[in-house]
Amino acid sequence: MKEKGNSSTAGRSLDSYFAILDAAAQVFNQKGYNRATVQDIATAANLTKGGLYHHLSSKEQALYGINERILSSLLTDVGAVASDQQLSVSLRIQSVIEVMVRQHDTLVPYLRVALLDFGSLEGEHREQIFSLRHQLENIIKTLLAEGIKEGVIVDEDPDLLSKFLFGAVDWMCMWYQPSGKVSATAIGELFAQITLHGLAPAPSSRGRQMASAVE
C-alpha cells in the first residue's frame, strides 16, 4: 500500500492499514481463510465493519495485502543486498538468505497465511502477487547464476537451486517460534552456511572451472 497525502497523515493511515493486516493474519491463522469473515477481521482490529471498509473492500483484499507486504519488503531488502557489488557473491548469497529468514521474527503469521492460503487469491490480485513473486525469484536466480559463473556454487540450473532455497525458507514459518530458544538471525546464518557449503562445487570440479576461466 502506497502512502498518500502529507507524511504524518500518510504514516497514520499506513499504521492503521498494517494493524488491520495484523488482525486479518491472526484471524486467518486461527479460523482458516475460507471460514473467516470480514466481521471477524473487524472485531480483531477493534473496528466496526463500516470502519474496516475505509481500509479494505473485502476479505480477499486483506489476503492480498498480507502477501503484498511480505513481498514488497523482501524485494526492497533482498534487491539492495543482491545488487551490492562491493560485496563478494558468496557474501551476497549469504546475506540474502539471512534477510529472508529474519522476516520470521516479525511476520510469521503473515508468512503462514501466504504459504497456506495464497491459492484463494483470484484475478488481478493473484496476477499482481505472481508478478512480485517472479521479480523476487529473478533476483535470486540472477545472483545464483553469478555464483555459478564465479565457481563458488555448483554448476546446476539456477531455477532449480532457487526452488531449493525458497522451499527451505518458506516452510520455516510452520515450525519457527519468535519466542523460541533459537533466533531467526541464528537460523539464517546456519541456513546460509549449509547452503553455501552444500552447494559448493567439488574441488576437482572447481579446479576445472578455474582452469577453463584462464585459458
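This report describes the packing of two helices, the burial of a third, and one residue of a fourth in a predicted model.

## Basis

In this predicted model, local features need pLDDT of at least 70 and side-chain atom pairs count only at pLDDT 80 or more, while totals for chains, interfaces and linings use all residues. Residues are numbered from 1 along each chain as its sequence is written, and side-chain values use heavy atoms, with hydrogens and water left out.

## Packing of H4 and H7

Helix H4 (residues 59-82) packs with helix H7 (residues 123-149) at an angle of about 20°, their axes lying 10 Å apart; helices here are DSSP runs of H or I with at least four residues, numbered from the N terminus. That angle makes H4 roughly parallel to H7 (angles under 35 degrees count as such).

Among the residues that make the contact (heavy atoms within 4.5 Å) are Tyr 64, Leu 71 and Val 78 of H4 and Ile 129, Leu 136 and Leu 143 of H7. The residues of this contact divide into 12 nonpolar, 7 polar and 3 charged, where Ala, Val, Leu, Ile, Met, Phe, Trp, Tyr, Cys and Pro count as nonpolar, Asp, Glu, Lys and Arg as charged, and the others, Gly among them, as polar.

## Burial of H5

Helix H5 (residues 89-102) is largely enclosed by the rest of the structure, because 11 of its 14 residues are buried (under 20% relative accessible area, with a 1.4 Å probe and protein chains only). The buried residues include Arg 92 and Glu 98, and what covers the buried residues of H5 includes H4, H6, H7, H8 and H9.

## Ser 162 in H8

Ser 162, which lies in helix H8, counts as buried at 2% relative accessibility. Leaving aside residues up to four places away in sequence, Ser 162 touches Ile 140, Lys 141 and Leu 144.

Key:
Axes fitted to C-alpha atoms, helices over the stretch in contact; angles between N-to-C directions. Helix = DSSP H or I, 4+ residues; strand = E, 2+ residues; numbered from the N terminus. Parallel < 35°, antiparallel > 145°, perpendicular 65-115°, else oblique. Expected span 1.5 Å × (residues − 1). Buried < 20%, exposed > 50% of the residue type's maximum accessible area, 1.4 Å probe, protein only.
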